[in-house]
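Reader: Please show me the model, and then I will ask how its labels were assigned.

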Amino acid sequence: MPPRRRGSSGFRGVRARPNGRFYAEMRAGGFRLTLGTYNTPELAARAYDAAAWRFRRPRRDMNFPDVESLEEAEFLAQTPCLVDDEDRRRHRQVQRRIAIEHDEELMRQWRAQFPNDVDNTDAFFADLRAQRRSDRRHRRAVAEFELDNPNTTWADNDPRWDDIWTETTSDDE
């Protein structure tokens, strides 16, 4: 059987992560054993070697063949960086804050670059509010007319009767 390839990190059982950290793992009996995430490839390789000693792997499978015992390998291996729920929560908060700050900065740039669009947007929504207010006034006037009309064609349960109670003085939508 040919020797296993060493990954892009240069060490057996170590892979680089997109975030710049290094992930150590070992395959044993058809299973993948996760050894943790480390800041450097050397630390991840030391963790791999400590696990290889525990599984009684041959020395040719080690990244550092000069290590003489399991105790020495464990002494040289650093404990993995563990990620818990609190770390994930803090990371999500930071990512949200960064996204909000980025969006606010983009809006500032857009307003500075396109002041006419800002004015047009404000005018559009002012016209929209005025149109809705006018529509509410018209519906209320029609409903009041039908209320005073003895020959109305509206049924008693017609939802248009509710327009009598429509507020027409506020700008609320």
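**Labels and cut-offs**

Author: Arg89 is partly exposed, at 34% relative accessibility. This is a predicted model, in which local features need pLDDT of at least 70, side-chain atom pairs count only at pLDDT 80 or more, and totals for chains, interfaces and linings use all residues. Residues are numbered from 1 along each chain as its sequence is written, and side-chain values use heavy atoms, with hydrogens and water left out.

Reader: Why is Arg89 called partly exposed?

Author: Buried means under 20% relative accessible area, exposed means over 50%, and partly exposed is in between (1.4 Å probe, protein chains only). Arg89 has 34% and therefore counts as partly exposed. Glu86, also at 34%, is partly exposed too.

Reader: What makes the pair Arg89 and Glu86 a salt bridge?

Author: The term requires a side-chain nitrogen of Lys or Arg within 4 Å of a carboxyl oxygen of Asp or Glu. In this pair the closest N and O atoms are 2.3 Å apart, so the definition is met. Both residues lie in helix H3, 3 residues apart, about one turn of the helix. Helices (H or I, at least four residues) and strands (E, at least two) are DSSP runs, numbered from the N terminus.

Reader: How do you know that Glu144 and Arg140 form a salt bridge?

Author: Their closest N and O atoms are 3.1 Å apart, and the cut-off has been given above. Glu144 and Arg140 are 4 residues apart in helix H4, so about one helical turn separates them. In general, an α-helix has 3.6 residues a turn, so residues three or four places apart point the same way. Glu144 is partly exposed at 33%, and Arg140 is partly exposed at 28%.

Reader: How does the span of H4 compare with the expected one?

Author: The expected span is 1.5 Å times one less than the number of residues. H4 has 34 residues and reaches 50 Å from its first C-alpha to its last, close to the expected 50 Å. Among its buried residues are Val118 and Ala143, and the buried residues of H4 pack against helix H3 (85-113).

Reader: What makes a set of residues a nonpolar core?

Author: The members are buried Ala, Val, Leu, Ile, Met, Phe, Trp, Tyr and Cys residues joined through side-chain atoms within 4.5 Å. The largest such core here has 19 residues, and those with the most contacts inside it are Val14, Met26, Leu35 and Ala44. H1 gives the largest share, 7 residues.

Definitions and conventions: Contact = heavy atoms within 4.5 Å.
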